[in-house]
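Work through the exercises below with the model open in your viewer. Try each task before reading its solution.

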Amino acid sequence: SAAAGKLLVVPMDEGHWPSLRSLLVALSHKGHQIVTVAPEASSSVEESEYYTLKRYPAPLCREE
């Protein structure tokens, strides 16, 4: 058996976010505390009860 831990997640490709989110939900159910960081321009990474979302300003907008 293992103890739950704290995880920091930095999604690099929004295309992989849906499968990564499923993994985060499963890890949260096992007791892990998860913090996800994403740029303000990211539209696919949304808040959830399973992890804490921290946004950061990015010098480029989504169109760029």
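## Exercises on a predicted model

The model is predicted. Residues 24 or more positions apart account for 43% of the contacts in the chain with a separation of 6 or more.

**Exercise 1. State how many helices and strands the chain has, and give their order.**

Solution.
- Step 1: count the elements. The chain has one helix and three strands.
- Step 2: read from the N terminus. The order is β-α-β-β.

**Exercise 2. Find what share of the residues is buried, and describe the accessible surface of the chain.**

Solution.
- Step 1: take the burial. Of the 64 residues in the chain, 23% are buried.
- Step 2: take the surface. The accessible surface comes to about 4700 Å².
- Step 3: split it by atom type. Carbon and sulfur atoms hold 55% of that surface.

**Exercise 3. List the residues of the largest nonpolar core, and name elements that supply at least two of them.**

Solution.
- Step 1: recall the background. In soluble globular proteins, nonpolar side chains tend to be buried together.
- Step 2: list the members. The largest nonpolar core has eight residues: Val9, Trp17, Leu24, Ile34, Ala38, Val45, Tyr51 and Leu53.
- Step 3: assign them to elements. Helix α1 (17-29) and strand β2 (33-39) each supply at least two residues of this core.
- Step 4: follow one member. Setting aside neighbours within four places in sequence, Leu53 is in contact with Thr36, Ala38, Val45, Glu46 and Glu47.

**Exercise 4. Classify the aromatic pair, and say which parts of the chain the pair links.**

Solution.
- Step 1: count. The structure holds one aromatic pair.
- Step 2: apply the geometry. The ring centres of Trp17 and Tyr51 are 5.8 Å apart and the planes stand at 90°. Planes over 60 degrees apart count as edge-to-face, so this pair is edge-to-face.
- Step 3: locate the partners. Trp17 sits in helix α1, and Tyr51 in the loop between β2 and β3 (52-56). The two are 34 residues apart, so the pair links distant parts of the chain.
- Step 4: check burial. Trp17 and Tyr51 are both buried.

**Exercise 5. Decide whether serine 48 is buried or exposed, and trace what its side chain reaches.**

Solution.
- Step 1: place the residue. Ser48 lies in the loop between β2 and β3.
- Step 2: compare with the cut-off. Buried means under 20% relative accessible area. Ser48 has 18% relative accessibility, so Ser48 counts as buried.
- Step 3: follow the side chain to another side chain. Ser48 makes a polar contact with the side chain of Arg21 (3.5 Å).
- Step 4: follow the side chain to the backbone. The Ser48 side chain reaches the backbone nitrogen of Tyr50 at 3.1 Å.

Definitions and conventions: Residues are numbered from 1 along each chain as its sequence is written. This is a predicted model: local features need pLDDT of at least 70, side-chain atom pairs count only at pLDDT 80 or more; totals for chains, interfaces and linings use all residues. Side-chain values use heavy atoms; hydrogens and water are left out. Helices (H or I, at least four residues) and strands (E, at least two) are DSSP runs, numbered from the N terminus. Buried means under 20% relative accessible area, exposed over 50%, partly exposed in between (1.4 Å probe, protein chains only). Contact means heavy atoms within 4.5 Å. Accessible areas come from the Shrake-Rupley method with a 1.4 Å probe; for residues, only the protein chains shown count as cover. A nonpolar core is a set of buried Ala, Val, Leu, Ile, Met, Phe, Trp, Tyr and Cys residues joined through side-chain atoms within 4.5 Å. Rings of Phe, Tyr and Trp (its six-membered ring) pair if their centres lie within 6.5 Å; planes under 30 degrees apart count as stacked, over 60 as edge-to-face and the rest as tilted. A polar contact is a pair of N or O atoms within 3.5 Å; within protein, one must be able to donate a hydrogen and the other to accept it, and residues adjacent in sequence count only if both atoms are side-chain atoms.
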